[in-house]
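I opened this model to see how its chains are arranged and how they meet the DNA. My entries follow.

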Protein chains: 2
Amino acid sequence: MHRAERLFQLTTLLRNRRTVLTAKQMSEHLRVSERTIYRDIQSLSLSGVPIEGEAGVGYRLSHRYQLPPLMFDREEVEALLLGARMVSSWGDTDMAIHANQAIQKILSVLPDHLRHSDESLPLLVPNMEEVQKYYTAHSQPMREAIRLRQRVAIDYVRADEQHSSRTIEPLGMIFWGKVWTLVAWCHLRDDYRTFRLDRIQSIVVTDEKFDTSDSKSLKHFLHLMKEKYAQEPEATAPHEC
Amino acid sequence: MHRAERLFQLTTLLRNRRTVLTAKQMSEHLRVSERTIYRDIQSLSLSGVPIEGEAGVGYRLSHRYQLPPLMFDREEVEALLLGARMVSSWGDTDMAIHANQAIQKILSVLPDHLRHSDESLPLLVPNMEEVQKYYTAHSQPMREAIRLRQRVAIDYVRADEQHSSRTIEPLGMIFWGKVWTLVAWCHLRDDYRTFRLDRIQSIVVTDEKFDTSDSKSLKHFLHLMKEKYAQEPEATAPHEC
DNA sequence: AGCGTCCCTGACAGTTTATGTCAGTAAGCG
DNA sequence: CGCTTACTGACATAAACTGTCAGGGACGCT
């Protein structure tokens with residue numbers, strides 16, 4: 001086995017493990033001595049691979065390195081660039097930051113004759129930053145609540161100006177072009193409800209956690225929508241509160 | 001110099017060249033013998049790097065390998081996934097195909113506990129395929145015309161139902177959320193004009209090529225828009241025909 | 001056809017790098 | 001504290017790599 005191949009396999013081993021690996025375990029797996037593993041680890045570290053080692057414990061790959069390199073062809077890269085521009089324009093501030101970081105990474109590997117010319121990718125998205133702050137108000141705390149599965153208390157105003165306050169369990173968000181819709185479980189109605197993000201007046205993330213289940217999850221909601229759409233092809237708008 | 005490093009430099013050399021490189025040129029550049037270059041090429045080929053060699057000519061890197069691997073962290077990947085979903089939903093058929101390919105590649109490298117759960121990325125884009133066929137009608141021939149710099153003859157209907165026919169030089173397209181706008185040079189007006197893609201009734205790509213210049217290009221158009229926006233912050237809509 | 005330029009491969013002697021064993025130091029955990 | 005682990009240097013041996021040389025083949029041009 002070539003050394004380069006072994007280094008690659010070592011990285012893959014570490015990448016596919018969420019708990020630590022000892023040098024002994026790795027040496028047995030790759031059929032080399034422990035001393036060789038220590039050397040390999042050093043080589044990888046010198047090459048920039050962020051491996052963390054702790055005496056008496058073992059090795060782990062730094063969290064930020066857990067995704068391997070991706071290979072895209074030109075057309076895929078163009079689609080990704082366009083998409084990232086959309087996220088940068090239509091998403092909230094945090095999303096935009098990450099999208100722009102990804103854009104920079106992509107641009108940094110494009111050959112010179114493709115990088116500097118806007119005409120190399122004549123598909124643009126206007127910078128809607130100021131407008132979008134309105135449509136993505138509350139997006140960031142809401143995404144955090146979705147991720148951490150925390151109930152949120154909201155004040156909401158419907159299209160007909162009716163106000164309401166309630167506590168909901170946020171499950172996900174859907175982008176409809178300019179407008180974001182929140183999918184949540186509403187205890188007031190004991191059912192799913194969707195809310196236009198820009199119509200939420202205020203949001204308080206509570207300390208109360210919630211669980212999802214087979215019958216209360218974003219996946220279940222999407223399944224119901226698909227069934228509903230199959231029965232009533234004209235129906236496109238889910239229940240809004 | 002380590003061999004691994006030289007293999008990397010060799011790949012970079014080939015990647016940054018659009019014409020062929022001979023073994024002799026590479027050996028001089030990397031200060032090794034030609035025999036070593038032949039060995040290196042064989043190693044790279046065995047590792048899957050698609051290098052094409054032709055006797056009497058030289059080597060080139062297969063077109064599909066001209067972009068190197070990209071490394072993204074989790075947040076960037078999430079932004080890219082969301083963006084690709086937007087392109088898949090809001091772009092034309094070709095764009096959607098490439099976006100979905102990119103999505104599959106990204107999903108294939110996600111760890112299992114992140115891949116199968118919609119709840120791992122609760123930011124969705126509805127499938128607007130049927131609706132979007134309307135908004136992206138003529139998108140593909142138009143993009144082709146932009147790329148090949150070919151004049152197109154269009155029939156257009158304005159919002160006030162006025163019809164017109166003209167020949168234009170398409171420069172780029174802008175996504176405004178649902179709606180695509182074409183940026184073109186209009187000979188009838190001797191100026192830039194924008195057209196809503198969905199209001200174009202018909203399109204004929206002509207055999208006539210056009211050139212761009214410093215004063216007639218997408219870049220120039222964007223520059224003018226920025227200047228116009230700086231002078232009149234309330235103005236957001238460019239001239240529509 | 002011959003010629004020049006290139007890709008391609010095997011063999012071999014010499015050079016360089018990598019490996020395993022051994023010994024020793026240091027850190028984390030119960 | 002003892003046990004388990006990470007960590008490093010030294011050294012003999014094994015493995016890999018390199019350049020030179022020789023030979024074969026493909027392609028384009030005259």
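**Entry 1: the two copies.** I laid chain B on chain A and got an RMSD of 0.5 Å, with a turn of 180° and a shift of 0.0 Å along the axis. That is therefore the relation of a two-fold axis. In chain B, I found that the C-alpha nearest the axis belongs to B:Gly83, 1.9 Å from it. Both copies use the same surface, as 100% of the contact residues of chain B recur in chain A. I superposed the copies by least squares on the C-alpha atoms of residues with pLDDT of at least 70 in both. Contact here means heavy atoms within 4.5 Å.

**Entry 2: ground rules.** This is a predicted model, where local features need pLDDT of at least 70, side-chain atom pairs count only at pLDDT 80 or more, and totals for chains, interfaces and linings use all residues. I number residues from 1 along each chain as its sequence is written, letter chains from A and number ligands from 1 in the order in which they are written, and use heavy atoms for side-chain values, leaving out hydrogens and water.

**Entry 3: domains of chain A.** I looked up the domain assignment, whose bounds come from an automatic or database source. It gives domain 1 (3–65), domain 2 (74–132) and domain 3 (137–231). The centres of domain 1 and domain 2 of chain A, taken over C-alpha atoms, are 35 Å apart.

I then checked the UniProt record, an unreviewed entry. It annotates residues 6–60 of chain A as "domain: Helix-turn-helix type". That span is 56% helix and 13% strand, and its end C-alpha atoms lie 17 Å apart. The record also places "domain: WYL" on residues 141–204 of chain A. There I read 12% helix and 61% strand, with end C-alpha atoms 9 Å apart. UniProt positions follow the numbering used here, feature names are shortened, and annotations may be inferred rather than shown by experiment. Helices (H or I, at least four residues) and strands (E, at least two) are DSSP runs, numbered from the N terminus.

**Entry 4: DNA strand C.** Which residues are closest to DNA strand C? Of the 21 that surround it, they are A:Arg6, A:Ser33, A:Thr36, A:Ala55 and B:Tyr59. Near means that a heavy atom of the residue lies within 4 Å. Of the strand C atoms within 4 Å of the protein, 63% belong to sugar or phosphate and the rest to bases.

I listed some polar contacts (pairs of N or O atoms within 3.5 Å). The side chain of A:Arg6 has an N or O atom 2.6 Å from a phosphate oxygen of strand C. The side chain of A:Arg39 has one 2.7 Å from a base oxygen. A polar backbone atom of B:Gly56 is 3.4 Å from a base oxygen. α3(B) gives the most to this surface, with four residues.

**Entry 5: DNA strand D.** I counted 21 residues around DNA strand D, the closest being A:Tyr59, B:Arg6, B:Ser33, B:Thr36 and B:Arg39. Sugar and phosphate make up 58% of the strand D atoms that come within 4 Å of the protein.

Phosphate oxygens of strand D turn up again in my list. One is 2.6 Å from an N or O atom in the side chain of B:Ser33. For the side chain of A:Tyr38, the distance is 3.1 Å. For that of B:Arg3, I read 3.5 Å. The largest share of the surface near strand D, four residues, comes from α3(A).

Note on methods
Polar contact = N/O pair within 3.5 Å; in protein donor to acceptor, adjacent residues only side chain to side chain.
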